[in-house]
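Q: Please take a close look at a single part of this model. I would like one connected account of it, with the residues named.

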Amino acid sequence: MLDTLGSLEKTHSCGELRETDVGKKVVLMGWVAKKRDFGVLTFIDLRDRDGVTQIVVSEETDLDAHEKAKALRGEYVVAVRGEVFSRAEGTHNKRLATGDVEVHVHELLILNDAKTPPFELEKMGSQNLASEDLRLKYRYLDLRRPTLQHNIRMRAKAVRAIREYMDGLGFTEIETPILLKSTPEGARDFIVPSRIHTGKFFALPQSPQILKQICMIAGLDKYYQIARCFRDEDLRADRQPEFTQLDVEMSFANQEMVYRVIEGMFTAVLRLIGVELPNPFPRMTYAEALRRYGSDKPDLRFEMELQDLTENLRGTDFAPFASVLENKGEIKALVVKGKADYSRKTTDELQEFVKRYGAGALAWIKLGEETTSSLLKVLGEAKIAELATAAGAEKGDAVLIVAGKKSTVAAALGALRLEVAKRENLIDRSLYKPLLVTEFPMFEYNDETGQFDAAHHPFTSPMDEDLEKFRTAIEDETQHHLLGEVRAKAYDAVLNGYECAGGSIRIHQKEIQALNFKALGLSAETARTRFGFFLDALEYGTPPHGGFAAGIERTCMILCGTENIRDVMAFPKTASAQDLMMDSPGDVDNAQLKELGIKIAG
RNA sequence: GGGGGUGUAGCAUAGCGGCUAAUGCGCCUGAUUGUCGAUCAGGUCAUCGCGGGUUCGAGUCCCGUCAUUCCCGCCA
């Protein structure tokens with residue numbers, strides 16, 4: 001027989017009672033995390049969102065309550081009325097925030113019973129969690145775990161800190177529609193059919209890009225939004241089909257003004273975990289980041305920069321290297337400190353690893369008691385020694401070498417750098433290293449189409465310094481390749497190797513915009529159909545403007561110290577974009593489809 | 001679209017060609033006055049993901065498939 005709550009109200013949470021509360025009459029409510037039954041004395045660990053408090057029920061003093069306590073099982077929902085006592089000498093529990101006290105119960109109400117959970121919730125000190133798919137199916141149980149409770153609330157705090165910060169700078173929070181038309185980002189859209197307009201579809205926003213620019217044209221001057229975004233692309237550990245970003249746009253802004261907003265925002269958010277970021281953030285151009293770290297989002301929590309051996313190997317007879325150099329490729333290396341003892345097995349594994357990024361092979365030099373190298377036979381001892389010195393390696397180090405196309409070498413060694421850091425535990429997890437990466441390229445060459453695509457998006461402004469090059473490349477057919485060298489007023493904010501924000505200064509003049517469409521191979525007509533309303537708007541006095549978008553989940557992952565985006569979302573989807581709790585996406589019945597005028601092919 | 005890992009009781013794991021598939025936790029019953037990963041005694045729980053193949057014999061080897069996860073492509 002279950003009890004009713006009646007007018008009973010809890011006086012404290014299960015995480016807040018302390019020594020100073022001793023003697024207070026309290027009412028606590030929560031879930032039974034654990035019961036320890038000693039016959040005439042029963043202990044209950046009572047858990048709510050704030051923590052765990054030990055409840056003591058004694059047969060001698062409270063027969064009724066004790067009778068009920070005996071019947072309790074895990075996850076039963078109870079209310080207790082009792083008095084706070086200091087714990088006896090030697091029975092304090094340092095692992096509980098409330099471990100100095102306990103509540104002696106006089107009245108116990110069983111508000112609800114519970115089935116035995118399909119998996120054990122997180123216990124203090126427990127390691128082996130149930131598999132993630134099971135926990136996702138019973139997300140409401142998984143969310144009871146202290147870790148996830150903490151993450152969800154940390155996320156709420158982060159979002160609130162962001163709102164306070166943006167509001168303090170005079171930005172206006174503006175909601176934009178979820179049902180809109182396809183925007184020009186490169187991702188696949190989620191499509192929503194319309195009953196009223198049979199055969200027509202809305203698209204969910206991949207980001208509010210165009211609308212925030214429209215807000216600038218509308219004279220709103222400073223816009224921000226905590227915006228949900230949708231992309232129908234494959235998932236990753238830090239990617240979900242729907243995610244949230246802080247979307248910001250400001251008028252009459254140059255890069256420096258945007259950087260200051262980004263820096264201030266991340267600084268405010270990181271203070272939530274007691275971290276003070278440098279002011280201003282360190283900066284690096286895109287080209288420098290790629291050259292030194294092989295990545296446009298370098299993790300600066302450890303050194304191990306890429307070393308260029310290209311010039312040392314120019315003119316080599318070794319055919320694989322010679323052909324790389326002939327094709328304007330490069331040869332670079334990583335020095336792994338103190339790892340001359342890497343086994344053949346390890347270097348083989350690392351070779352397999354870099355092959356995933358398109359590298360042909362991984363050459364190595366080990367400066368152990370003797371110097372050994374996979375290249376010893378083909379290059380000779382003297383050359384090997386020269387390469388090791390050029391790479392900055394010392395006795396005891398290993399040198400890992402990749403040759404190939406510039407982009408391949410960067411991708412392979414950039415990834416290998418992270419892999420080695422992980423294997424060798426080189427990352428100090430107490431560090432928080434932000435970086436502004438600037439001067440992103442304006443265009444990316446697309447091997448498949450033979451055309452240049454927008455690296456950021458088609459409204460990104462070229463750098464003033466590269467405007468001449470930009471014009472020449474478009475107006476002179478023979479100079480088209482110069483597009484690859486044009487830099488944009490585009491930037492990313494990187495934190496601990498995660499791309500946490502990105503943005504640009506936009507084009508606000510229609511002449512430059514027209515040139516850009518031409519560069520992208522978009523005819524005037526196509527541009528018209530795709531962005532007509534926006535092009536119209538551009539002609540009515542568009543102010544210079546720019547902004548950025550910051551990933552809320554990625555930022556929260558860093559705040560919470562997790563590498564799994566699902567740990568910072570209340571209801572995430574699996575890697576195959578399914579919700580295991582709701583079992584979505586699901587079928588709809590034929591009547592619904594008919595009403596929408598949709599037929600499923602096949 | 002491609003590649004790697006995982007799938008054995010409610011949960012986490014072991015078993016990797018040969019007796020009745022093992023251990024811990026959970027769960028159930030009982031004992032128990034200070035525990036907090038309680039303890040003790042007893043008990044319960046398995047189409048070894050699914051389908052096919054090899055073999056005298058398959059949880060174990062092979063092929064396929066499904067689920068999940070990580071990565072490449074993709075996602076500015």
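Residues are sorted here by type: Ala, Val, Leu, Ile, Met, Phe, Trp, Tyr, Cys and Pro are nonpolar, Asp, Glu, Lys and Arg are charged, and the others, Gly among them, are polar. With that sorting, how do the residues of the surface near RNA strand B divide? Which elements and contacts belong to that surface, and what does the largest nonpolar core contain?

A: The model is predicted. Start with the RNA. Strand B is surrounded by 54 residues. The closest are Glu60, Thr91, Pro118, Gly186 and Arg236. By type, the residues of this surface comprise 23 charged, 17 polar and 14 nonpolar.

Three elements each supply at least two residues of the surface near RNA strand B: strand S1 (25-37), strand S2 (41-48) and helix H2 (132-137).

Now the RNA side. Of the RNA strand B atoms within 4 Å of the protein, 54% belong to sugar or phosphate. The rest belong to bases.

Three polar pairs show bases, sugars or linking oxygens, and phosphates in turn. A side-chain N or O atom of Glu102 is 2.4 Å from a base nitrogen of RNA strand B. For Glu233, a side-chain N or O atom is 2.8 Å from a sugar or linking oxygen. Ala237 uses its backbone: a polar atom there is 3.2 Å from a phosphate oxygen.

Next, the core. In soluble globular proteins, nonpolar side chains tend to be buried together. Here the largest nonpolar core has 43 residues. Met166, Leu246, Met265, Phe266 and Phe548 have the most contacts inside it. The elements giving two or more residues to this core include helix H4 (146-168), strand S9 (222-230), strand S10 (242-251), helix H6 (255-270) and strand S22 (545-551). H6 gives the most, with 8 residues.

Take Met265 as a sample. Leaving out residues up to four places away in sequence, Met265 touches Ile162, Tyr165, Leu246, Phe548 and Ala550. Another core lies apart from the largest one. That other core has 24 residues, among them Met442, Phe443, Leu483 and Val494.

Finally, strand S10. Of its 10 residues, 9 are buried. S10 pairs with S9 in the antiparallel sense, over 9 bridges. Cys229 has Phe243 of S10 as its bridge partner. S10 also runs antiparallel to S22, joined by 7 bridges. In that strand, Ala549 stands opposite Asp247. S9, S10 and S22 are among the elements that give two or more residues to the largest core.

Key. Residues numbered from 1 in each chain as written. Chains lettered and ligands numbered in written order. Predicted model: local features only at pLDDT ≥ 70, side-chain atom pairs only at ≥ 80, totals over all residues. Heavy atoms only, no water. Near = heavy atom within 4 Å. Polar contact = N/O pair within 3.5 Å; in protein donor to acceptor, adjacent residues only side chain to side chain. Helix = DSSP H or I, 4+ residues; strand = E, 2+ residues; numbered from the N terminus. Core = buried A, V, L, I, M, F, W, Y, C linked by side-chain atoms within 4.5 Å. Buried < 20%, exposed > 50% of the residue type's maximum accessible area, 1.4 Å probe, protein only. Contact = heavy atoms within 4.5 Å. Pairing = 2+ DSSP bridges.
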